[in-house]
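Reader: I would like a close look at a single part of this chain, with its surroundings described as carefully as the model allows.

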Amino acid sequence: MQSTRRWRHTMKLYDLQASGNCYKVRLFAALAHIELDVVAVDFLNGEHKKPPLSDLNPLGELPVLQDGPVVLRDSQAILIYLAGEYGGLAWWPAHPQGQAEIAQWLSFAGNEIQHSLCAARLVQKFGAALNKAEALQKSSVVLGLLDKHLEQHDWLAMGRPTIAECAVYPYVVLAPEGGVELGAYPSVLRWLERVEGLAGYQSA
């Protein structure tokens, strides 16, 4: 799973350590042995909403990846770029069927997980003004679906680790920080252990 290309410069990842979305990118870079210059952003003082960062991402969100002239926002988009450009076919295949299979889980991470496990954590850990009860209810549905899938599959897509793992894993492993317990989902717990056993794995 070594990188298939060498970069001519160090890519910059504008990062917030506590963000699960930023962790997705750091995790994949560690697993795929991709060198990143991780730049900590002063989130509390709004650095992400001021130039020069707001010039890179007018949405004022993190993470942001800068690879020479290429600037990307959104963790799922960054995963696709890094895997396709540097990670090799093991992480992001060349054929449309495999890409679509993985993309389903990227969408799951950016939608269902974002509005459930992520939202619950934002409320409990950071005091976000979101509906905690609704987030917890959605979390049980999401984890139930994930557990059912993982009863039959060791990995989320294609029978092997892909960027789908990097997109889904962070907010699942961080779920207890949102008051979501994982003990009722044994297949999810075994999958977390498999991810953590991958060479190069990096914790949040």
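Which residues does the UniProt annotation "domain: GST C-terminal" cover?

Author: This is a predicted model, and what follows should be read with that in mind. According to the UniProt record, an unreviewed entry, the annotation "domain: GST C-terminal" covers residues 95-204. In the model, that span is 65% helix and 0% strand, and the C-alpha atoms at its two ends lie 31 Å apart. For the setting, the chain has eight helices and four strands, which follow one another along the sequence in the pattern β-α-β-α-β-β-α-α-α-α-α-α.

Helix α5, made of residues 117-126, contains leucine 122, and this residue merits a closer look. Leu122 joins Phe126 and Leu130 in a nonpolar surface patch of about 260 Å². Leucine 122 counts as partly exposed because its relative accessibility is 32%, a value between the 20% limit for buried and the 50% limit for exposed.

Turning to the whole chain, buried residues make up 47% of its 204 residues, while the accessible surface comes to about 9700 Å², with 53% of that area belonging to carbon and sulfur atoms. The C-alpha trace spans about 45 × 40 × 25 Å along its principal axes, and the radius of gyration of 17 Å agrees with the value near 17 Å for a compact globule with 204 residues. Among contacts between residues at least 6 apart in sequence, 68% join residues at least 24 apart.

How values were computed
Residues are numbered from 1 along each chain as its sequence is written. This is a predicted model: local features need pLDDT of at least 70, side-chain atom pairs count only at pLDDT 80 or more; totals for chains, interfaces and linings use all residues. Side-chain values use heavy atoms; hydrogens and water are left out. UniProt positions are given in the numbering used here, feature names are shortened, and annotations may be inferred rather than shown by experiment. Patches are made of residues with over 30% relative accessible area and no salt bridge: like charges are joined within 9 Å, nonpolar side chains (Val, Leu, Ile, Met, Phe, Trp, Tyr) within 5 Å. Accessible areas come from the Shrake-Rupley method with a 1.4 Å probe; for residues, only the protein chains shown count as cover. A salt bridge is a side-chain nitrogen of Lys or Arg within 4 Å of a carboxyl oxygen of Asp or Glu. Buried means under 20% relative accessible area, exposed over 50%, partly exposed in between (1.4 Å probe, protein chains only). The radius of gyration is taken over C-alpha atoms; the globule rule is 2.2 Å times the number of residues to the power 0.38. Contact means heavy atoms within 4.5 Å.
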